[in-house]
2 protein chains.
Amino acid sequence: LTGPFHPQKLAIAALGNSGSTGADGIEGDIAYFPSFDALKAAPDAAVKGKIVFIDNQMKAAQDGSGYGYFGRGRFVGPNAAAKKGAIAIVIRSIGTDSHRNPHTGVTNFEAGVTPIPSGAISNPDADLLVRQWQHGKPLRLKLLLTPKTLGDQPSGNVIAEVPGSDPKASPVIIACHLDSWDLGTGAIDDAAGCGIITAAAKHIMAAGQPRRTIRILWAGAEEVGVFGGKAYFDAHGKERHAVAMESDFGADRVWRVDFKLPEGAAGLADRIAAALAPYGITRGKQPAGGGADVGALIESGVPTIDLQQDGTRYFDIHHTPDDTFDKVDPAQIRQNVVAWTVTIGLLANSADAELP
Amino acid sequence: LTGPFHPQKLAIAALGNSGSTGADGIEGDIAYFPSFDALKAAPDAAVKGKIVFIDNQMKAAQDGSGYGYFGRGRFVGPNAAAKKGAIAIVIRSIGTDSHRNPHTGVTNFEAGVTPIPSGAISNPDADLLVRQWQHGKPLRLKLLLTPKTLGDQPSGNVIAEVPGSDPKASPVIIACHLDSWDLGTGAIDDAAGCGIITAAAKHIMAAGQPRRTIRILWAGAEEVGVFGGKAYFDAHGKERHAVAMESDFGADRVWRVDFKLPEGAAGLADRIAAALAPYGITRGKQPAGGGADVGALIESGVPTIDLQQDGTRYFDIHHTPDDTFDKVDPAQIRQNVVAWTVTIGLLANSADAELP
């Protein structure tokens, strides 16, 4: 912030697919919007030639509610601002913490829309900007963001299997993703998820051969557009899959199980819910949604189960420099492994009448 | 960290008075020490030509215990490492949080010791370094720290008074400091303290003229060596002062009051403790220590009182980028203002038989 008050440095991170300001940066007046919807409703004249700022803070929720709604400021806010003639956009981080760490993540521009420089500032910096805005004088921002889009680069999926005893039985597929953002080390998003599903599959293998094969998909390039999950679907989407599940919501405890299974699997769902209850896991009324990397499979009709993790602190850490190993609570990640072991053990030994 | 494993970037801040690595940085093997005492006990040969790392983490304590003991790694660790021939030193931040924000602060080299590059890394980065160290292979670090010591620069004390009705009565002096570290905005250290004492003095003034003058010292240049406090003492140390107090421990609630008063002031101490009790403030057994900016006064015999603040989260924020306004809890800072108003009201109306 260069004006109207004493200059203040802001902690900022470029969003994935952001345009560049060039090495000299750009400076402009801020067009303040309390929400993404306010930006959408604004006339182009209120935006043209300015640096858009989208305020409003996502608050913590156990089920992660808020990421979709407030996240629009990041997902599609830059595209909307560019179409209205903004020279750049800065958003309040899509995050629930109060640290000087911005939250990055991908944003997408429509074909034909030139990407504008797009950054997220930390919540304390957004608070400071808002306090200055409330004085009613024009706010000036100097912005320096020099990301480069290198185009498509090699990535890869890694697939492992616990072989089942019945070669005719369809496999259970469990997924996580290998890539992470540059700011942190990806301990929570999504090394923890890969650890959880892999440990659970290993426990099943040690306990004795299951009927169905358990296929572990460590997906590549999820953050930048679910490219690994899509590549798996392109290669294997027409094969039969009994059920597809994903762990991609940190390392905190599983608190709820949601199902989206065929009608014939009501008994199987009851057995799983009963087996999870001793670990403090309740049964939800929601249909399960699955995860990004198995999204295409689920859309094509493959059943899914969500072992919903407590997301209260997930968006404190998500896509920030704070995504480090110390955030993984050993007791809670062990509870995840137990829940997954119980669940995929029952799934991998289920009957053909229960799962496709 | 450049070796022996995959390179990892560390979040680091130079300490005040650190030497520079030059623009090209330096690279070296790490000499690991679990504590400052372990470094002190080590033979020079274990240190010479290496980059010293001092581990062990300060843990949160309500009364701030740990800053003095663990803080030695910062206060005098670099000097000790330099004397043993280290080419640089990196310490685990003197802080209690788990965020990727390093804690800076001043370090001091003895006359004749050439300052070596001295930095603090965040706790998650220190954890990562320790995990790599535990593999038993030599750790390599590339260090880039380019601080400059500009020599003495102008600073200033600001002094205000609530004039007392009795010109012969000695004044009550209350202090805070105006300067802060570059990483954050200094909301907790020490804008909050300045706000607390100033608001309290204003409340006294509004309530009616006190007998003694209340002198407010907003000290300059505390962080770099208490230069403002020393300058005040040089100019005014020989004048009579009834009592000297300081607020420099954030904005969280006052939980204990400690006294260091003349024998004749036992009744005054009782009146103050009784007046504070309704606000949940207990009476301590410790003699009060005062604060840095009034330290020289207290050493010369001026009485003092500590309104001890809850320090449980103070060293999460201290000297980091996270020292921002959102960390100030309105309810707790109001309790501070009440406690100070009560205390300095009684002090400013005390008798000559009670205070010098």
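On a 1 Å grid over the protein atoms alone, a cavity is a set of points where a 1.4 Å probe fits but cannot get out, while a pocket is an open set with protein on both sides within 12 Å along at least five of seven lines; lining residues have an atom within 4 Å of a point. Points are joined across faces, edges and corners, and a volume is the space filled by probe spheres set on them. This is a predicted model, in which local features need pLDDT of at least 70 and side-chain atom pairs count only at pLDDT 80 or more, while totals for chains, interfaces and linings use all residues. Residues are numbered from 1 along each chain as its sequence is written, chains are lettered from A and ligands numbered from 1 in the order in which they are written, and side-chain values use heavy atoms, with hydrogens and water left out.

**The largest cavity holds about 80 Å³ of space.** By the rule above, the structure has six cavities of 30 Å³ or more. Residues to find around the largest one include A:S35, A:F36, A:D55, A:R72 and A:R92. Helix α2 (residues 67-75) of chain A contributes the most to this lining, with four residues; helices (H or I, at least four residues) and strands (E, at least two) are DSSP runs, numbered from the N terminus. Sorted by class, the lining has five nonpolar, three polar and three charged residues. Here Ala, Val, Leu, Ile, Met, Phe, Trp, Tyr, Cys and Pro count as nonpolar, Asp, Glu, Lys and Arg as charged, and the others, Gly among them, as polar.

**The largest pocket has a volume of about 1,100 Å³.** Of its 31 lining residues, those closest to the centre are A:A11, A:R100, A:N101, A:P321 and B:R100. Strand β1 of chain A and strand β1 of chain B each supply at least two residues of the lining. In this pocket the split is 16 nonpolar, nine polar and six charged.

**Helix α5 of chain A spans residues 187-207, with its end C-alpha atoms 28 Å apart.** The expected span is 1.5 Å times one less than the number of residues, so the 21 residues should cover 30 Å, which agrees. Among the buried residues of this helix are A:A187, A:I188, A:D189, A:D190, A:C194, A:I197 and A:I204; buried means under 20% relative accessible area, exposed over 50%, and partly exposed in between (1.4 Å probe, protein chains only). The cover over these buried residues includes β7 (158-162), β8 (172-177), β9 (214-219) and α10 (330-348) of chain A. Look too for the cis peptide bond between A:D189 and A:D190, with omega of about 15°. Just after the helix, A:G208 takes a positive phi of about 135°.

**Two disulfides are found over all chains.** A disulfide is a pair of cysteine sulfur atoms within 2.5 Å. In chain A, A:C176 is joined to A:C194 with an S to S distance of 2.2 Å. The torsion about this S-S bond is about 100°, so the disulfide is right-handed. A:C176 sits in strand β8 and A:C194 in helix α5, so the link ties together parts 18 residues apart in sequence. Both A:C176 and A:C194 are buried. Over in chain B, a disulfide joins B:C176 to B:C194, again with S to S 2.2 Å, and with 100° about the S-S bond it is right-handed. B:C176 belongs to strand β8 (residues 172-177) and B:C194 to helix α6 (residues 187-207) of chain B, 18 residues apart. B:C176 has a relative accessible area of 0%, and B:C194 one of 8%.

**B:H318 and its contacts lie in view, with B:H318 in the loop between α10 and α11 of chain B.** B:H318 is buried at a relative accessible area of 5%. Leaving aside neighbours within four places in sequence, B:H318 is in contact (heavy atoms within 4.5 Å) with B:Y67, B:H103 and B:D189. In the loop between α10 (314-317) and α11 (330-348) you will also find B:H319. B:H319 has a positive phi of about 65° although it is not a glycine, and at 4% relative accessibility B:H319 counts as buried.

**A:N17 has a positive phi of about 80° without being a glycine.** Most residues other than glycine have a negative phi, and most peptide bonds are trans. A:N17 is placed in the loop between β1 (12-14) and β2 (26-33) of chain A. With a relative accessible area of 33%, A:N17 is partly exposed.

**The peptide bond from B:G3 to B:P4 is cis, with omega near 10°.** B:P4 is in the segment before β1 (12-14) of chain B.
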